Amino acid sequence: MKGYFHINSIELSQENLEKAYKFLRYAGNKGIEGICLFAGQMEETTFFIKETIIPSQKVYILEQGLMYAVESDVLHNLNVWLYENNMQLIAQIHSHPGEAYHSLADDRYPIVDSYGGISIVVPDFASGEVSLLNTAIYRLSLNKTWDKLSRQEVKSLFKIK
């Protein structure tokens, strides 16, 4: 079975994390959600994030809340770029206006949908400290549910360089 369950360490530079937060704050200042993607390469049980990707996205302000969407042609071009650069997506990071949690839309429409993939939700439009410890982080299980990682699991899994 393909996926990322064998990955027990994800290395992420502070620079790549800050790039994501900068974009999420920019979107948040406009009162909208945003999404970024983390791409890189696997070596045995470690995944090295090499790029923070900010895909072209559409945003919606609906009665039910805020929403972003990345259109199919953008995803296609992203997949071509990943292939040409020998990279894979392991995580997505997006913002919420308030509490960090995985919404029904987050559950149903992830971009990163490989088993063991990561979904990071940043509260308050990323207005706080740049840190994964202030977020809600989920990992996609074999039965396609997003399981929330404990603070200790986040500390163990992620290595910020």
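**Close-up views of a predicted model**

**View 1. The open sheet, strand by strand.** Eight strands make up an open sheet in this predicted model, lined up as β9-β8-β7-β6-β2-β3-β1-β10 with mixed pairing. The edges belong to β9 (146-148) and β10 (158-160); each has a single partner strand, so one side of each goes without a neighbour in the sheet. Go from strand to neighbouring strand and the turn averages 30 degrees, direction ignored.

**View 2. Where β1 meets the edge strand β10.** Strand β1, residues 9-12, pairs with β10 in the parallel sense, and three bridges hold the match-up. To find your place here, look for Ile10, which sits opposite Phe158 of β10. Helix α1 (residues 14-29) packs on the sheet and touches quite a list of strands: β1, β2 (35-43), β3 (46-53), β6 (88-95), β7 (118-122) and β10. Compare its direction with that of β2 and you get about 160 degrees.

**View 3. β6 and the strands on either side.** Here's a strand that is mostly covered: of the eight residues in β6, seven are buried. Its pairing with β2 is antiparallel and counts six bridges, with Cys36 standing opposite Ile93 of β6. With β7, β6 runs parallel, and five bridges join the two. Ala91 is a handy marker on that side, since its bridge partner in β7 is Ile118.

**View 4. Helix α2 across three strands.** Residues 72-84 form helix α2, which lies across β2, β3 and β6. Set against β3, helix α2 runs at about 130 degrees.

**View 5. Thr52, tucked into β3.** Thr52 is a β3 residue, and it counts as buried because its relative accessibility is 2%, under the 20% cut-off. What does its side chain find to talk to? A polar atom of the Thr52 side chain lies 2.8 Å from the backbone oxygen of Asn16. Setting aside neighbours within four places in sequence, the contacts of Thr52 are Asn16, Lys19, Ala20, Cys36, Leu37 and Phe38.

**View 6. Asp106, buried and without a salt bridge.** Asp106 is part of helix α3, residues 104-108. It is buried, yet it makes no salt bridge: the nearest side chain of opposite charge is that of Arg108, 11 Å away. That is beyond the 4 Å a salt bridge calls for. What Asp106 does have is a side-chain polar contact with the side chain of His94, at 3.1 Å. Leave out residues up to four places away in sequence, and Asp106 touches Tyr68, His94, His96, Tyr101, Val121 and Trp146.

**View 7. Glu44 in the β2-β3 loop.** Glu44 isn't a glycine, but its phi is positive, near 55 degrees. Look for Glu44 in the loop that links β2 and β3. Is it buried or exposed? Glu44 is exposed, because its relative accessible area of 73% is over 50%.

**View 8. Lys144 in the β8-β9 loop.** Lys144 also has a positive phi without being a glycine, at about 65 degrees. This residue belongs to the loop between β8 (136-140) and β9. With 42% relative accessibility, Lys144 counts as partly exposed.

Conventions. Residues numbered from 1 in each chain as written. Predicted model: local features only at pLDDT ≥ 70, side-chain atom pairs only at ≥ 80, totals over all residues. Heavy atoms only, no water. Pairing = 2+ DSSP bridges. Helix = DSSP H or I, 4+ residues; strand = E, 2+ residues; numbered from the N terminus. Axes fitted to C-alpha atoms, helices over the stretch in contact; angles between N-to-C directions. Contact = heavy atoms within 4.5 Å. Buried < 20%, exposed > 50% of the residue type's maximum accessible area, 1.4 Å probe, protein only. Polar contact = N/O pair within 3.5 Å; in protein donor to acceptor, adjacent residues only side chain to side chain. Lys, Arg positive; Asp, Glu negative; His and termini not counted.
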